[in-house]
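Here is my note on the model you sent over. Have a look at it first, and then read on.

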Amino acid sequence: MSEVARAVSERGELVLRRRVDDGALELRVNGVFVMDDVETSSEELLASAVLSSVRRPDRVLVGGLGLGYTVRALLRDVRLGEVVVAEIEPDVVSWMRAGLVPSVLDDPRVSVVLGDVRDVVVAQEGASLDGILLDVDNGPDFLVYNENSAVYASPFVTTCRSKLRAGGVLTVWSSSASPDLEAVVTSVFGACEVKPVPVDLQGRAETYYVYQGSL
Ligand SMILES: C[S@@+](CC[C@H](N)C(=O)[O-])C[C@H]1O[C@@H](n2cnc3c(N)ncnc32)[C@H](O)[C@@H]1O
């Protein structure tokens, strides 16, 4: 394993490193593996679930830049008007700007807001977004920061709903099945679509999940 970059913020440690065996780039937050650049299908599904559900993705918001796969999947759609990315760790953005991670930030449709996705969503005008895509942890049951538990709770999911336009969609990524999240999304949106994504994690078969609430 070779270290590409390391940073410490008030929330803990971030490490970008390259695996020796397969050359993959990995992001770790507080010692927790959050993702690599090999198995990115579920991060992309977070985007395609929104793109296939909304008529016109004029304006969407992504919580968590990470290695940029969700944002890149959005940008591949020529209908996309604008994507606002909320990222809490300035170094994640700096590393991408410095070219340590392939960049999605040069596209004029992308703007980055440094901050907690909860604050960034609250600051949006009501009914101004076609999609909100949340991938800030390993899911509600494997948080990278304890404070992120609020991201999956009813008050914040209700706030997300209030920021969506008619026909808008919320998608939430999780590394495990979460009946609690399913119940929250169902109570706020009236229904919750659960999309399991089979993934190959360095030879190990796993299933990730995307939870979707739609207006
Ligand atoms: C798993 S990665 C996102 C992966 C991304 N979907 C992709 O395709 O590369 C999680 C990201 O969320 C960020 N993050 C964690 N908590 C956050 C919060 N409360 N608000 C905004 N960003 C947060 C982390 O710093 C990290 O960059």
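The points below go from overall form to the core and then to one strand pair.

1. A word on the basis: this is a predicted model, in which local features need pLDDT of at least 70, side-chain atom pairs count only at pLDDT 80 or more, and totals for chains, interfaces and linings use all residues. Residues are numbered from 1 along each chain as its sequence is written, and side-chain values use heavy atoms, with hydrogens and water left out.

2. The protein has six helices and 11 strands (DSSP runs, H or I of at least four residues for helices and E of at least two for strands, numbered from the N terminus). Its C-alpha trace spans about 45 × 35 × 35 Å along the principal axes.

3. Buried residues account for 53% of the 215 residues, where buried means under 20% relative accessible area with a 1.4 Å probe, protein chains only.

4. The largest nonpolar core (buried Ala, Val, Leu, Ile, Met, Phe, Trp, Tyr and Cys joined through side-chain atoms within 4.5 Å) holds 44 residues, and Leu 16, Leu 27 and Val 71 are among those touching the most other members. Helix α2 (residues 69–75) gives the most to this core, five residues. A second, separate core of 26 residues includes Leu 61 and Tyr 209.

5. Strands β1 (residues 2–9) and β2 (residues 12–18) pair in the antiparallel sense over seven bridges; pairing takes at least two DSSP bridges. A hairpin of two residues joins β1 to β2, and Ala 7 stands opposite Leu 14 in β2.

Notes. Buried means under 20% relative accessible area, exposed over 50%, partly exposed in between (1.4 Å probe, protein chains only).
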